[in-house]
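Thanks for coming. I'll go through one model today, beginning in the middle of the fold and working outwards from there.

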Amino acid sequence: MWDNEKVNEALFFAIGAHKKQEMYHPDGMPYSAHIVGVALTALNFAENENVDKELILKVALLHDTIEDTGTTFEELKTRFGEDVANGVLALTKNGSLKKEEQMPECLNRILKLGSKEVAMVKLADRCFNTRCTVPSWTKEKQEF
């Protein structure tokens with residue numbers, strides 16, 4: 001089981017960090033729907049697995065905070081611990097790389113981290129993002 005207070009802290013932090021953001025599809029949907037969707041998808045993957053479900057939930061809820069908000073690695077580490085911060089950092093695309101290099105480099109960091117939980121969150125994020133075809137996505141993005 002997991003500590004509800006700690007998971008709720010991650011949820012409320014993430015919602016606050018993303019409060020002015022919206023999803024691309026469906027249009028106008030608060031970004032909090034994405035982070036909750038990823039968390040629920042990841043938890044579903046983990047249902048019958050011997051993994052740290054609290055870590056999965058925290059990383060899933062916070063997975064875009066470094067990439068898309070002003071949140072820093074140090075802030076996450078101080079507030080949620082090193083495992084959570086390392087997981088979120090591993091999931092964060094390196095914007096200084098060419099677009100076609102970002103995903104492979106991110107996947108390599110996840111592999112190096114060696115965390116089943118973080119890998120499940122990455123898979124959940126991709127599955128949630130591809131739950132339907134997003135009209136604004138290029139053919140290349142849909143295939144990647």
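**Helix 6 and its surroundings**

Let me start with helix 6, residues 82-91, where V84, A85, G87, V88, A90 and L91 are buried. This is a predicted model, so please keep that in mind throughout. The cover over those buried residues of helix 6 includes helix 3 (53-62), helix 4 (65-68), helix 5 (73-80), helix 7 (99-113) and helix 8.

Now helix 3, which is one of the elements in that cover. How many residues of helix 3 are buried? The count is 10 of the 10, so helix 3 is largely enclosed by the rest of the structure. By name they are K53, E54, L55, I56, L57, K58, V59, A60, L61 and L62. As for partners, the buried residues of helix 3 pack against helix 1, helix 2, helix 4, helix 5, helix 6 and helix 8.

That list of buried residues includes charged side chains, among them E54 and K58. These two form a salt bridge, with an N to O distance of 2.9 Å. E54 and K58 are four residues apart in helix 3, which puts about one helical turn between them. In general, an α-helix has 3.6 residues a turn, so residues three or four places apart point the same way. Both partners, E54 and K58, are buried.

**The other salt bridges**

The structure holds five salt bridges, and I'll show two more of them. E9 pairs with R79, and their closest N and O atoms are 3.0 Å apart. E9 sits in helix 1 (residues 4-17) and R79 in helix 5, so this pair ties together parts that lie 70 residues apart in sequence. Are these residues buried, partly exposed or exposed? E9 counts as partly exposed because its relative accessibility is 31%. R79 is partly exposed too, at a relative accessible area of 43%.

The other pair is E67 with K93, at 3.8 Å from N to O. Here too distant parts of the chain are linked: E67 belongs to helix 4 and K93 to the loop between helix 6 and helix 7, with their positions 26 residues apart in sequence. E67 has a relative accessible area of 29%, so it is partly exposed. K93 is partly exposed as well, with a relative accessible area of 27%.

**A lysine without a partner**

Next is K122, in helix 8, residues 116-129. What is the nearest side chain of opposite charge to K122? It is D125, at 4.4 Å. K122 is buried yet has no salt bridge, because the cut-off for a salt bridge is 4 Å. Outside its neighbours within four places in sequence, K122 is in contact with L91, M103, C106, L107 and I110. Of these, L91 came up earlier as one of the buried residues of helix 6.

**T41, in helix 2**

One more residue, T41, is found in helix 2, residues 32-46. Its relative accessible area is 18%, so T41 is buried, the limit being under 20%. Leaving out residues up to four places away in sequence, T41 touches A124, C127 and F128. For a distance across the model, take T41 and K112: they are 71 residues apart along the chain, and their C-alpha atoms are separated by 23 Å.

**The whole chain**

To finish, the overall numbers. The protein has nine helices and zero strands, so-called α-α-α-α-α-α-α-α-α when read from the N terminus on. A compact globule of 144 residues would have a radius of gyration near 15 Å, and the protein has 15 Å, which agrees. The C-alpha trace spans about 40 × 35 × 35 Å along its principal axes.

Of the 144 residues, 40% count as buried. The accessible surface comes to about 8500 Å², with 52% of that belonging to carbon and sulfur atoms. Among contacts between residues at least 6 apart in sequence, 60% join residues at least 24 apart. On charge, there are 18 positive and 23 negative, and the mean positions of the two sets are 3 Å apart.

That's the set; I'll take questions.

Conventions:
Residues numbered from 1 in each chain as written. Predicted model: local features only at pLDDT ≥ 70, side-chain atom pairs only at ≥ 80, totals over all residues. Heavy atoms only, no water. Helix = DSSP H or I, 4+ residues; strand = E, 2+ residues; numbered from the N terminus. Rg over C-alpha atoms; globule rule 2.2 N^0.38 Å. Buried < 20%, exposed > 50% of the residue type's maximum accessible area, 1.4 Å probe, protein only. Contact = heavy atoms within 4.5 Å. Areas by Shrake-Rupley, 256 points an atom, 1.4 Å probe, with all protein chains shown as cover. Lys, Arg positive; Asp, Glu negative; His and termini not counted. Charge placed at Lys NZ, Arg CZ, Asp CG, Glu CD.
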